[in-house]
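Biologist: I should like to understand how the descriptive terms for a structure are justified. May we examine one together?

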Amino acid sequence: MLKNYLIVLRNVRRLMIVSELSPTLTERDVISRITSMSRQLKKKVWFPSRSKSDTEEDEDSATDFIDIVKSMVEMNMNYKMGWIKTIENAEKLSDCIEECEEIDDCVRIVANPERRRCYLKNNKHEQATEKEGLVSVSVK
């Protein structure tokens with residue numbers, strides 16, 4: 001964990017130096033790049049000058065992840081069992097759907113938008129149970 005933290009700090013320092021030398025690189029660009037690095041390392045980076053709270057940022061990230069028609073998505077639902085495959089660091093929910101469509105027995109996706117993780121499920125999954133933060137989509 002310390003190694004990941006040091007990598008983020010080293011990259012932040014490089015970005016800050018580059019931003020001082022490059023007048024076209026805005027503070028927003030630097031923050032965006034740092035946030036991207038922290039997501040790759042699955043760590044949060046705190047920006048004291050930002051107006052959004054961590055909760056709002058997580059909600060924005062989750063909203064960006066769900067890129068399909070909202071009426072297709074079951075919010076706060078989990079389907080236990082029937083696991084086929086886990087997709088880590090998914091960019092969008094539609095990426096998970098595409099992956100599921102390529103697998104014959106994949107019928108459902110349960111996803112954690114905050115962690116950008118999808119669980120592909122077959123028809124042997126159990127009935128739906130309520131689980132805060134998860135979303136589900138029927139694929140077939």
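Biologist: Why is Glu88 called partly exposed?

Modeller: In this predicted model, Glu88 has a relative accessible area of 38%. Buried would require under 20% and exposed over 50%, so Glu88 is classed as partly exposed. Glu88 is placed in the loop between β2 and α4.

Biologist: What makes Glu88 and Arg117 a salt bridge?

Modeller: Their side chains meet at 2.9 Å, N to O. The rule asks for a nitrogen of Lys or Arg within 4 Å of a carboxyl oxygen of Asp or Glu, so the pair of Arg117 and Glu88 qualifies. Arg117 belongs to strand β4 and Glu88 to the loop between β2 and α4, so the salt bridge ties together parts 29 residues apart in sequence.

Biologist: Why is the contact between Glu88 and Arg117 also called a polar contact?

Modeller: The side chains are joined at 2.9 Å, and a polar contact requires N or O atoms within 3.5 Å, one able to donate a hydrogen and the other to accept it. The pair therefore carries this second name as well.

Biologist: Is Arg117 buried or exposed?

Modeller: Arg117 has 17% relative accessibility, so it counts as buried; the limit is under 20%.

Biologist: How many salt bridges does the rule give?

Modeller: The count comes to three. One of them joins the side chains of Arg108 and Glu74 at 3.0 Å, N to O. Arg108 is in strand β3 and Glu74 in strand β1, 34 residues apart, and the pair links distant parts of the chain. Arg108 is buried because its relative accessibility is 9%, whereas Glu74 is partly exposed because its value is 26%.

Biologist: What makes Glu99 and Lys85 a salt bridge?

Modeller: The distance between their side chains is 2.4 Å, N to O. The cut-off is 4 Å, so Glu99 and Lys85 satisfy the rule. Glu99 lies in helix α4 and Lys85 in strand β2, so this pair ties together parts 14 residues apart in sequence. Glu99 has a relative accessible area of 27% and is therefore partly exposed; Lys85, at 31%, also counts as partly exposed.

Biologist: How do you know that Cys96 and Cys118 form a disulfide?

Modeller: Their sulfur atoms are 2.0 Å apart. A disulfide is assigned to cysteine sulfur atoms within 2.5 Å, so Cys96 and Cys118 are assigned one. Cys96 is part of helix α4 (residues 93–101) and Cys118 part of strand β4 (residues 117–121), so the disulfide ties together parts that are 22 residues apart in sequence. Both Cys96 and Cys118 are buried.

Biologist: Why is the disulfide of Cys96 and Cys118 called right-handed?

Modeller: The torsion about its S-S bond is about 75 degrees, so the disulfide of Cys96 and Cys118 is right-handed. For Cys100 and Cys106 the torsion is about -105 degrees, so that disulfide is left-handed.

Biologist: How do you know that Cys100 and Cys106 form a disulfide?

Modeller: The sulfur atoms of Cys100 and Cys106 are 1.9 Å apart, and the limit is 2.5 Å, so the pair meets the criterion. Cys100 counts as buried because its relative accessibility is 0%, and Cys106 counts as buried because its value is 0%. The structure holds two disulfides, and with bonded cysteines counted along the chain, the pattern is 1-4, 2-3.

Biologist: What makes β1 and β2 edge strands?

Modeller: The open sheet has five strands in the order β1-β5-β3-β4-β2, with antiparallel pairing. The strands β1 (73–79) and β2 (83–87) each pair on one side only, and they are the edge strands. From one strand to the next, the twist averages 40 degrees.

Biologist: How do you know that β3 and β4 pair?

Modeller: Strand β3 (residues 108–112) and β4 share five bridges in the antiparallel sense. Pairing needs at least two bridges, so β3 and β4 are counted as paired. Val110, for example, has Tyr119 in β4 as its bridge partner.

Biologist: Where does α4 lie with respect to the strands?

Modeller: Helix α4 lies across β1, β2, β3, β4 and β5 (128–138), and runs at about 150 degrees to β3.

Notes. Residues numbered from 1 in each chain as written. Predicted model: local features only at pLDDT ≥ 70, side-chain atom pairs only at ≥ 80, totals over all residues. Heavy atoms only, no water. Helix = DSSP H or I, 4+ residues; strand = E, 2+ residues; numbered from the N terminus. Buried < 20%, exposed > 50% of the residue type's maximum accessible area, 1.4 Å probe, protein only. Axes fitted to C-alpha atoms, helices over the stretch in contact; angles between N-to-C directions. Contact = heavy atoms within 4.5 Å.
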